[in-house]
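Grab a pencil and keep the 3D view open while you work. Try each task on your own before you read its solution.

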Amino acid sequence: MEELALGYERIDVGGQYGKLNEPLYRAMNPNGLIPCLQDEDFILWESNTIVRYLAAQYGENPFYLADARQRAEAEKWMDWVTSSVVEPFKAVFIGLVRTPPEQQDKEKIAQGIEQLNRLMAIANSALAQQAYLSGDKFGIGDIPLGCLAYAWFNLSITRPELPHLQRWYQSLTQRAAFQKVIDIGIS
């Protein structure tokens, strides 16, 4: 929504804010998870679906690409993050950030870091060929990994040298939307 310069009201739920199990929220998202989008009388959940919807409803090039093949190239990275990157990311993030040191599963965290490093190398290889995961311009394919890359680059973990991924990430950090919504600290 920031990238598209859309007006919106953000209502914090989950974690310290609670509300995920309240009947009103569960009526909108029966999973009791975040995020959830209400666009007038239309309610939608699932992060990547929300990004796709906003791009199609309110965006244009580079966010909503008319060419189906170009759009699929960007969208594959969105789905790759969900299907491949999220699980090892959660092992690392929850293990290091949300779990007290004395309760951390060091083996699970190390396995997650190893998997993440391997997966980030895949993105690095793609970014050796193009400026963004979405192609020549920033777009929807960059948003999901960009959100996770913030933590990956800022956690105290061992990472391989991935210059193309680093260049891509640095370009994201220059975006006003990234600075406002993503670069807000790790908690």
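**Exercise 1. Find out which residues UniProt gives to the feature "domain: GST C-terminal", and describe the chain there.**

Step 1: The UniProt record, an unreviewed entry, puts this feature at residues 67-187. Keep in mind that the model you are looking at is predicted.

Step 2: Now check what the chain does over residues 67-187: it is 68% helix and 0% strand. The end C-alpha atoms of that stretch are 38 Å apart.

**Exercise 2. Work out whether the span of helix α5 agrees with its number of residues.**

Step 1: Helix α5 covers residues 143-154, which makes twelve residues.

Step 2: The expected span is 1.5 Å times one less than the number of residues, so α5 should span 16 Å.

Step 3: Compare that with the model, where the end C-alpha atoms of α5 are 17 Å apart. The two values agree.

**Exercise 3. Decide whether α5 is mostly covered or mostly open, and say what covers its buried residues.**

Step 1: You need one cut-off here: a residue is buried if its relative accessible area is under 20%.

Step 2: Nine of the twelve residues in α5 are buried, so the helix is mostly covered.

Step 3: Pick them out in the view: Pro144, Leu145, Gly146, Leu148, Ala149, Tyr150, Ala151, Trp152 and Phe153.

Step 4: Look at what sits over them. The cover includes α2 (47-58), α3 (68-98), α4 (106-127), α6 (163-173) and α7.

Here's a handy bit of background: an α-helix has 3.6 residues a turn, so residues three or four places apart point the same way.

**Exercise 4. Find how many salt bridges the structure holds, then trace two that start from Glu2 and Glu3.**

Step 1: The structure holds seven salt bridges.

Step 2: Start with Glu2, whose side chain meets that of Lys180 in a salt bridge, at 3.1 Å from N to O. This pair links distant parts of the chain: Glu2 belongs to the segment before α1 (23-28), while Lys180 is in helix α7, 178 residues apart.

Step 3: Check how open the two partners are. Glu2 has a relative accessible area of 24%, so it is partly exposed. Lys180 has 53%, so it is exposed.

Step 4: Move on to Glu3, which forms a salt bridge with Arg175; their closest N and O atoms are 2.7 Å apart. This pair also links distant parts of the chain, with Glu3 in the segment before α1 and Arg175 in the loop between α6 and α7, 172 residues apart.

Step 5: Glu3 is partly exposed at 24% relative accessible area, and Arg175 is partly exposed at 25%.

**Exercise 5. Which residues do salt bridges with shared partners join into one network?**

Step 1: Begin with Asp79 and Arg52, which form a salt bridge with their closest N and O atoms 2.8 Å apart.

Step 2: Asp79 lies in helix α3 and Arg52 in helix α2, so this pair ties together parts that are 27 residues apart in sequence.

Step 3: Add Glu75, and you have the network: shared partners join Arg52, Glu75 and Asp79.

Step 4: As for Asp79, its relative accessible area is 38%, so Asp79 counts as partly exposed.

**Exercise 6. Locate the nonpolar surface patch that includes Val181.**

Step 1: The patch is formed by Met1, Tyr8 and Val181. Together they have about 220 Å² of accessible area.

Step 2: Val181 lies in helix α7, which runs over residues 176-181.

Step 3: With 31% relative accessibility, Val181 counts as partly exposed.

**Exercise 7. Hunt through the loops for cis peptide bonds and for positive phi values in residues other than glycine.**

Step 1: The peptide bond from Ile34 to Pro35 is cis, and its omega is near 5 degrees. You'll find Pro35 in the loop between α1 and β1 (36-39).

Step 2: Asn61 and Pro62 are also joined by a cis peptide bond, with omega about 10 degrees. Pro62 is in the loop between α2 and α3.

Step 3: Turn to phi. Glu40 isn't a glycine, but its phi is positive, about 60 degrees. Glu40 sits in the loop between β1 and β2 (42-45), and at 68% relative accessibility it counts as exposed.

Step 4: Finish with Glu46, where phi is positive and near 90 degrees. Glu46 is in the loop between β2 and α2, and its relative accessible area of 44% makes it partly exposed.

Terms used:
Residues are numbered from 1 along each chain as its sequence is written. This is a predicted model: local features need pLDDT of at least 70, side-chain atom pairs count only at pLDDT 80 or more; totals for chains, interfaces and linings use all residues. Side-chain values use heavy atoms; hydrogens and water are left out. Patches are made of residues with over 30% relative accessible area and no salt bridge: like charges are joined within 9 Å, nonpolar side chains (Val, Leu, Ile, Met, Phe, Trp, Tyr) within 5 Å. Accessible areas come from the Shrake-Rupley method with a 1.4 Å probe; for residues, only the protein chains shown count as cover. A salt bridge is a side-chain nitrogen of Lys or Arg within 4 Å of a carboxyl oxygen of Asp or Glu. Helices (H or I, at least four residues) and strands (E, at least two) are DSSP runs, numbered from the N terminus. Buried means under 20% relative accessible area, exposed over 50%, partly exposed in between (1.4 Å probe, protein chains only). Contact means heavy atoms within 4.5 Å. UniProt positions are given in the numbering used here, feature names are shortened, and annotations may be inferred rather than shown by experiment.
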